[in-house]
Amino acid sequence: GNLSVSGTIPQNTTYLVKASGTVTVGNLRYNTGSYDHIGAIPKVIIYAPNINIACGTSEVDAILITAPGGHVDTCAGGGDENDPARSVQLKIFGTVMADSITLGRTYGAAANETGSRTDPYGTPSDGAAAEIFDYDSTILMWSEFMSGSGESDTLNTTYQHELAPRY
């Protein structure tokens, strides 16, 4: 059935969510700090026919995958384009795989009386993206560790080269 997911994911934790219905995602953040080994990096993988991200959500740290023909909506449940909930900037730290994505946010698009653009808190947002997708490169290290094919759970420097200031 349908499912809602939000919260802070602690270190040393991996969640795999496989749903038969729509998954609605709220703020979903990895616990920050230093990690003493690769397996401590938290990960959330969500697989569902459709994935909705609630309009008030500002950060999603997860891998979002829809079934074939699936859809991701980055501002589900919002009203028309003038709804203040649509003006929250969204940052997705992870991979998104879907047949279609609706980018429904308006952050940075509304001008105030003076003609400059601000977010709902009055912060200037001229030219800022409403949705930011930041690929999580730690997934490569994490997947190697989780597969058990790595020799250890640490990373070793194999090559180092110092560059001149103007190389």
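I take exposed to mean over 50% relative accessible area and buried to mean under 20%, with partly exposed in between. The model I am working on is predicted.

**Entry 1: helix H1**

I looked first at helix H1, which spans residues 138–147. Which residues does the face of H1 turned away from its buried side carry? I find the exposed residues Leu140 and Ser147 there.

I then turned to the buried residues of H1 and noted Thr138, Ile139 and Trp142. These three lie on the same side of H1, because they cover an arc of only 95° around the axis. I checked what covers the buried residues of H1, and the cover includes strand E2 (14–18), strand E4 and strand E6 (63–76).

At the end of the helix I looked up the next residue. H1 is followed by Gly148, which has a positive phi, near 80°.

**Entry 2: Lys43**

I went on to strand E4, residues 43–54, where Lys43 has its place. Is Lys43 buried or exposed? Its relative accessible area is 0%, under the 20% limit, so I record Lys43 as buried.

I listed the contacts of Lys43, leaving out residues up to four places away in sequence. Lys43 touches Thr138, Ile139 and Trp142, and also Asp136. The other residues in the list are Thr13, Thr14, Tyr15 and Tyr30. Thr138, Ile139 and Trp142 are the buried residues of H1 that I noted in Entry 1.

**Entry 3: salt bridges**

Side chains of opposite charge can pair when their charged atoms come close. How many salt bridges does a search of the whole structure find? I get 2.

One is formed by Asp136 with Lys43, and the closest N and O atoms are 2.7 Å apart. This pair links distant parts of the chain, 93 residues apart: Asp136 sits in the loop between strand E10 (131–134) and H1, and Lys43 sits in strand E4. Asp136 has 1% relative accessibility and therefore counts as buried. Lys43, at 0%, counts as buried too.

Glu59 forms a salt bridge with Arg29, where the closest N and O atoms are 3.0 Å apart. Here too the pair links distant parts of the chain, with Glu59 in strand E5 (residues 59–60) and Arg29 in strand E3 (residues 23–30), 30 residues apart. I looked up the accessibility of both partners. Glu59 is partly exposed, with a relative accessible area of 25%. Arg29 has 32% relative accessibility, so I enter Arg29 as partly exposed as well.

Technical notes:
Residues numbered from 1 in each chain as written. Predicted model: local features only at pLDDT ≥ 70, side-chain atom pairs only at ≥ 80, totals over all residues. Heavy atoms only, no water. Helix = DSSP H or I, 4+ residues; strand = E, 2+ residues; numbered from the N terminus. Buried < 20%, exposed > 50% of the residue type's maximum accessible area, 1.4 Å probe, protein only. Contact = heavy atoms within 4.5 Å. Arc of directions from axis to C-beta. Salt bridge = Lys/Arg side-chain N within 4 Å of Asp/Glu carboxyl O.
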